[in-house]
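Please look at the model below with its side chains displayed. The paragraphs that follow lead through aromatic contacts, charged side chains and a sheet, in that order.

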Amino acid sequence: MNNIDEESLPLIVLRGVVAMPYVLLSFDTDKPGNLASINAVLSSHSRLLVVCRRESGRNNKSDRGFYDFGCICKITKIIKLPDGNSRVFIEGERRVKIGAIVKESPYIRASYRELVEPACPADEAKTLRQMISRRFSNFTYGNGKALIRSVIDSIEDISDDERYVYSVANVVMPRFEDRQTFIENDDHQSRCLNLLAVMSREAEFAKLTHKIEDEVRKQIEKNQREYFLREQIRAIRRELGESEQSDADEFRRRLKEKNVPDDIRKRISREIDLFSTLPAGSHEMPSMRAFIECMLDLPFTEETKDNLDVKNARAVLDRDHYGLERVKERVLEHLAVAQLTGKVNGQIICFVGPPGVGKTSISSSVAEALGRKFVRMSLGGIKDEAEIRGHRRTYIGAMPGRIIAAMRTAGTVNPVILFDEIDKLSRDSYNGDPRAAMLEVLDSAQNNSFRDHFLEMPYDLSKVMFITTANSLYDIPEPLRDRMEIIEVPSYLATEKIQIAVRHLVPKQLEKHGLTRSMLSIPESVVAVLIDEYTRESGVRTLERYIATVCRKAACDIAEGKKRIRMTVSKLHEYLGTPKYSGDEIAAMPEVGLVNGLAWTSVGGEVMQIEAEAIKGSGQIQLTGKLGDVMQESAKAAITYIRAHADELSLSPDFMKETDIHIHVPEGAVPKDGPSAGIALLTAAVSALTGVSVKPKIAMTGEITLLGRVLPIGGLREKLLAALRAGVDTVLIPGENKKDLEDVPSDITGKLNIVFVTRAEQVLKEALLRKPDASKSVDPCRGGVDMMMPGTPDNHPVLPA
């Protein structure tokens, strides 16, 4: 390092500065190393190597912190500045490539090699200069700034082509990366082409800048024009005596009057400020207006005071509803706990029962008893998650979901919200699963920060009392069902329907049709006939429609001159026509292969007739009537039991080799499934195979196993009520269901002979007229007729529980 070669010079590394031949430049420095290099140059009257510092991360062969290509420069002047720095003026002379570092202290000294380039043909050099000159004469920087004309003229006067190119590059290349690339080109032609490329790029940037500035200028002019027009409109309104208040001012006034938390107030205020700056006709204005109006309408602190008087609640519930004692008890229990604790926690209750039993109306009565606002929301047919969570504001026509809409309607943070028909929610492969979105709403541990996509902020639902209704739990997903307290709303008895009609339905329809009790009177005995002969339902909707029909026809008679009408049975038949149901709906005589099963559906209990026929064949089993997998398996289990106990049933051990069994459940268009038809299927098959008739007016329900055990079933109350309606005298039920009779009113159990069975042998003993006789086995005769199940809608699935 101590031997100084003649081909080495002091070196200075500058940040962001690239020296070029024929170009004057200056830089400030106070670094000791740089000052030592400058003093060494001045004392020896030599030259200075100037290179640009290489930025970190840049791909370069050198790892010394500077570029390999630089310039030999002559120091022309040095000025000492007041702040202690030195300003150095240099002039570039020749391009060089830096070699090895021969000295590092007190300054850097490096070897170098001057770059010799081939001469450029005169014609080519002239052409390149003309191309550069054409672009340079109208050159504009990418930021839109143009060159001063005098600078262009002074450079154009340079006669030497090489000096001219370097001078133009010094002016049009403000970025040091471009300058470094320029001096690293090997020959004159390459540098000219590089220069033309940079000038083309800057020209494109300049055009884009002009375009953007032009658009901004036009927008500013438009906004200014709109501002002046608005001010003129305000002045005109002042002259006309009209309000000068804008929508934004109205929003600010409403926000000032509304009691909201500080963070929400800031959010709304920010949105209002943005709204006020939007130009008229902006595509963002409708969405922003909808958001602000929604936030101003939503309750954040508004709350109704709960009425926790248990006596008052009982009076309201008894006034509006007859029966439903378990439902009323649960509501009163909730109020009693709230009265003792002093607070009402958000509750999630699910009323499950057949249509028309009062699930929706009792929810309204609960809200009235509590003194809360009531909002009903029907969920039937909803299959889009956005209906629950809302749409994001990026979409045109975005709106909040139904939950936020319900809170907006209620106007308080603690309403009673009814989700009607929650079991009718469906999913869509494109629009998400709304049932999954309901999980957050109906979870008391999460709904204190419910997020609607439209609001994009958490909203507290923890004080809301949610009530849901459903016809069947089968269609509600297990995670959603787990979040709700299930309260079963049972079907009405005939005696209950009579009281409901007399106390509620008849007065309601009289008022609706402009009648009074003095004009039309309907005795309880006539109501009982109406229920028995014209309705077969779990609820009272059909009954109410028939009462409305009676009122309309009575209104016609009164309008024609009659003053008073007292309903009789004959008058009822005159108004409503021939009775739809006439007494018993089951076979009154013993028949072979015909058994009355009991089924439970989402609309209540039903009597389901099962037919079986044994015919000559090859041992095939046919199951028809649109039976589900579970019901088909029950039939196969029953047949297997019969084959295993053929001797006890006086059947040949190989009877299946020459016998086909066909089991059919009428109403083939209606899907049917479930295990509780097992003993009915067994009885029908045994009757068909042995030729022994089944006792009349007997019905049964229970699951059968391969070993002949009878397992418990569900929906017992509805099934027994259906049996009673159909005129059944005796019902066979599993022995393990004995405990469930406590929930069945004595009005049902007192009129039925209920027999508990635990084994298949007991079932056959109670159901068949006599013990099977081998001489009469496989009788091809069968009784039974096709009969529709009353009160079952077309294509409604019958699901034995």
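A residue is called buried when its relative accessible area is under 20%, and exposed when that area is over 50%, with partly exposed in between. The model is a predicted one, and in it Tyr-166, at 1% relative accessibility, counts as buried because 1% falls under the 20% limit. Phe-182 is likewise buried, its relative accessible area being 0%.

A search of the whole structure finds seven aromatic pairs. In one of these, the ring centres of Tyr-166 and Phe-182 are 5.5 Å apart and the ring planes stand at 90°, so the arrangement is edge-to-face. Since Tyr-166 belongs to helix H4 (residues 161-172) and Phe-182 to helix H5 (residues 176-183), the pair ties together parts that are 16 residues apart in sequence. Tyr-22 joins these two residues, Tyr-166 and Phe-182, in one aromatic cluster.

Another edge-to-face pair is formed by Phe-300 and Tyr-459, with 5.6 Å from centre to centre and 70° between the planes. Here Phe-300 lies in the loop between helix H9 (285-297) and helix H10 (310-320), whereas Tyr-459 lies in strand S11 (residues 458-459), so this contact ties together parts that are 159 residues apart in sequence. Both Phe-300 and Tyr-459 are buried.

Aromatic faces also meet charged side chains in this model, as with Arg-393, which lies over the face of Phe-291 at 4.2 Å from the ring centre. Arg-129 takes up a position over the face of Tyr-164, at 3.9 Å from the ring centre, and the side chain of Arg-129 also meets that of Asp-161 in a salt bridge with an N to O distance of 3.2 Å. Because Arg-129 is part of helix H2 (residues 122-137) and Asp-161 is part of helix H4, the salt bridge ties together parts that are 32 residues apart in sequence. Arg-129, at 15% relative accessibility, counts as buried, while Asp-161 is partly exposed, with a relative accessible area of 26%.

The count of salt bridges comes to 42. Among them is the one between Asp-68 and Arg-64, whose closest N and O atoms are 3.2 Å apart; Asp-68 is buried, with a relative accessible area of 15%, but Arg-64 is partly exposed at 32%. Lys-218 and Asp-214 meet in a further salt bridge, at 3.8 Å from N to O, and these two residues, four apart in helix H6 (residues 188-240), are separated by about one helical turn. Salt bridges that share partners also join Arg-47, Glu-93, Arg-94 and Glu-114 into one network.

The sheet remains to be traced. Five strands form an open sheet with parallel pairing, in the order S8-S9-S12-S7-S13. Strand S8 (374-378) and strand S13 (485-488) stand at the edges with a single partner strand each, so one side of each is left without a neighbour in the sheet. Neighbouring strands of this sheet are turned by 20° against each other on average, direction ignored. At one edge, S8 and strand S9 (residues 416-420) pair in the parallel sense over five bridges, and Val-375 stands opposite Ile-417 in S9. Helix H11 (residues 325-341) lies across strand S7 (348-352), strand S12 (465-470) and S13, and runs at about 145° to S13.

Note on methods: Residues numbered from 1 in each chain as written. Predicted model: local features only at pLDDT ≥ 70, side-chain atom pairs only at ≥ 80, totals over all residues. Heavy atoms only, no water. Phe/Tyr/Trp six-rings, centres within 6.5 Å; stacked < 30°, edge-to-face > 60°. Buried < 20%, exposed > 50% of the residue type's maximum accessible area, 1.4 Å probe, protein only. Lys NZ or Arg CZ within 6 Å of the ring centre and 35° of its normal. Salt bridge = Lys/Arg side-chain N within 4 Å of Asp/Glu carboxyl O. Pairing = 2+ DSSP bridges. Axes fitted to C-alpha atoms, helices over the stretch in contact; angles between N-to-C directions. Contact = heavy atoms within 4.5 Å.
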